[in-house]
Each structure stands twice: as C-alpha cells, then as structure tokens.
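Trainee: I am new to this one. Pick a single loop, take me through it closely, and then carry on from there into the rest.
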Amino acid sequence: MKNGTPASCPGCAATGRRVDDSTPGALLRPNAKARLTGGGYRFCRTESCDVVYFDEGQELTFGTADLEVTVFQKSSDPERPVCYCFEHTVQSIYDEVGARGASDVPEDIGEKCRAGLDDCEHNNPQGSCCLGNVRRVVKEALRARGDVGKVHGASRGCCSGSGESQHGS
Ligand SMILES: [Zn+2]
C-alpha cells in the first residue's frame with residue numbers, strides 16, 4: 001500500500017467496501033477480467049462515480065462498462081436488477097407495490113437466503129446480500145404511492161456484510 005488511504009476510491013475518495021476476491025472475477029467482462037491481478041478489491045457504491053471496483057494499491061480500477069451486469073447503485077434504469085440472485089428489478093417491485101400496496105419480495109428473498117439458495121458474492125456487484133437495497137426500493141415505491149406502510153420481512157441481510165442495511169432502519 002503506497003499511501004494512507006488504501007480503502008478510498010480513486011474516483012470519488014469515498015471509502016469502498018471490501019469484496020471477496022472472487023466477486024470481480026465472477027462479474028467482469030472477459031477483457032476486463034484479464035486485467036485482474038491478485039486480490040484486495042473494494043466496491044465503490046457512490047452513484048455518481050463510475051468506478052465499481054478498485055484495488056487497495058489504487059492502481060487498478062474497473063468501471064461500470066467493465067461489468068456484465070448493470071450496477072444497482074450506479075444506474076437509474078428502472079429495469080436494473082436490485083436482487084441479482086432471484087432477479088427482482090426495481091420496476092418489478094414498483095409494479096407489485098403499485099398493484100397491491102405491499103411487497104412480499106423482502107420476505108421471499110429472506111426465505112431463499114435462509115435456504116441457502118443465494119450466491120450474493122458472485123451475482124451482486126456489491127458482493128453481499130441485496131436485502132438492504134430491496135427494502136429501500138420497497139420503501140420508495142410505497143412513498144411514491146403515497147403510502148408510508150411498513151416493510152415486512154427481515155430487517156437485515158442474511159449473509160455476512162449485510163448489504164446496505166447496517167445503519168439500521
Ligand atoms: Zn468512487
């Protein structure tokens with residue numbers, strides 16, 4: 001590490017979250033994957049920053065165009081995935097909430113995770129459970145509908161590094 005802030009994104013200076021070494025390998029396009037060296041990658045979740053992964057030596061960065069999937073945090077496309085393991089999109093959650101004023105998606109994901117059916121480390125660019133993001137989308141959809149109802153389901157991600165929900169809700 002050549003400077004004092006190995007955890008800071010070279011693009012926006014925000015602190016990136018460490019991902020498993022296998023996460024970029026699973027999600028990068030082949031030509032970007034060929035640039036991977038060693039380990040120690042972090043994920044930048046800043047919406048306006050194009051850097052998705054950077055290494056702690058800050059010599060190597062991968063942008064949104066280097067990934068096979070659309071990064072939830074860095075897109076405003078309603079068709080983008082929010083749950084990468086079970087293929088829920090922002091739009092599909094808005095549609096469900098719009099139709100019935102509630103969403104079973106957080107509970108459904110929680111159950112499938114408990115059954116061990118998820119593989120967040122290799123499906124989700126952030127390398128951890130999506131539940132925090134899903135709950136935020138459900139809340140936004142309820143608010144857009146003029147409803148401030150409760151979001152049911154597990155309040156935390158199911159796996160280590162529980163998504164975006166660690167600041168509580
Ligand atoms: Zn950044």
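Mentor: Start in the loop between β5 and β6, where glutamate 87 sits. Helices (H or I, at least four residues) and strands (E, at least two) are DSSP runs, numbered from the N terminus. The phi of glutamate 87 is positive, about 60°, although this residue is not a glycine. Glutamate 87 is exposed, with 10 other C-beta atoms within 10 Å. The cut-offs are these: a residue is buried if 20 or more other C-beta atoms lie within 10 Å of its own, exposed if 12 or fewer, and partly exposed in between, with C-beta atoms placed from the backbone.

Two reading notes. Residues are numbered from 1 along each chain as its sequence is written. This is a predicted model: local features need pLDDT of at least 70, side-chain atom pairs count only at pLDDT 80 or more, and totals for chains, interfaces and linings use all residues.

pLDDT is the predictor's confidence in each residue, from 0 to 100. The protein averages 88, and 85% of the residues score at least 70. Take care with residues 160-169, where pLDDT stays under 50. For that stretch the model has 24 contacts beyond four places in sequence. A contact means that the C-beta atoms of two residues, placed from the backbone, lie within 7 Å.

Now go back to the loop and look at what flanks it. β6 (88-89) helps to cover the buried residues of α6, as do β5, α3 and α4. Those buried residues of α6 are Leu131, Gly132, Asn133, Val134, Arg135, Val137, Val138, Ala141 and Leu142. Follow valine 134. Beyond its neighbours within four places in sequence, valine 134 is in contact with Val82, Cys83, His88, Val105, Pro106 and Ile109.

Next to valine 134 in the chain is asparagine 133, also in α6. Asparagine 133 is buried, with 23 other C-beta atoms within 10 Å. Its C-alpha lies 8.6 Å from that of phenylalanine 72, although the two are 61 residues apart in sequence.

α6 itself has 14 residues and spans 20 Å from its first C-alpha to its last, close to the 20 Å expected at 1.5 Å a residue. The expected span is 1.5 Å times one less than the number of residues. After α6 comes glycine 146, with a positive phi near 85°.

Where do the core residues come from? The largest nonpolar core has 32 residues. Such a core is a set of buried Ala, Val, Leu, Ile, Met, Phe, Trp, Tyr and Cys residues joined through C-beta atoms within 7 Å. Val52, Val82, Ile93, Cys130, Val134, Val137 and Val138 have the most contacts inside it. Two or more residues each come from β2 (41-43), β3 (51-55), β5 (81-83), α3 (90-100), α4 (105-114) and α6 (131-144). α6 gives the largest share, 6 residues. Domain 1 (17-66) and domain 2 (72-158) both contribute residues, so the core lies between them. The domain bounds come from an automatic or database domain assignment.

β2 and β3 lead to the sheet. It is open, has 4 strands in the order β1-β2-β3-β4, and pairs them antiparallel. Strands pair if DSSP finds at least two bridges between them. β1 (17-18) and β4 (61-63) are the edges; each has a single partner strand, so one side of each has no neighbour in the sheet.

Cross the sheet step by step. β1 and β2 are joined by 2 bridges, and arginine 18 has arginine 42 of β2 as its bridge partner. β2 and β3 share 3 bridges, and arginine 42 stands opposite phenylalanine 54 in β3. β3 and β4 also pair over 3 bridges, and phenylalanine 54 has threonine 61 of β4 as its bridge partner. 5 of the 5 residues of β3 are buried, so this strand is largely enclosed by the rest of the structure.

The hairpin of β3 and β4 has 5 residues between its strands, and glutamine 58 there takes a positive phi near 60°. Alanine 13, in the segment before β1, has a positive phi of about 75° and is not a glycine either. Alanine 13 is exposed, with 11 other C-beta atoms within 10 Å.

Finish with the whole chain. There are 6 helices and 6 strands, in the pattern β-α-α-β-β-β-β-β-α-α-α-α. Of the 169 residues, 36% are buried. Among contacts between residues at least 6 apart in sequence, 61% join residues at least 24 apart.
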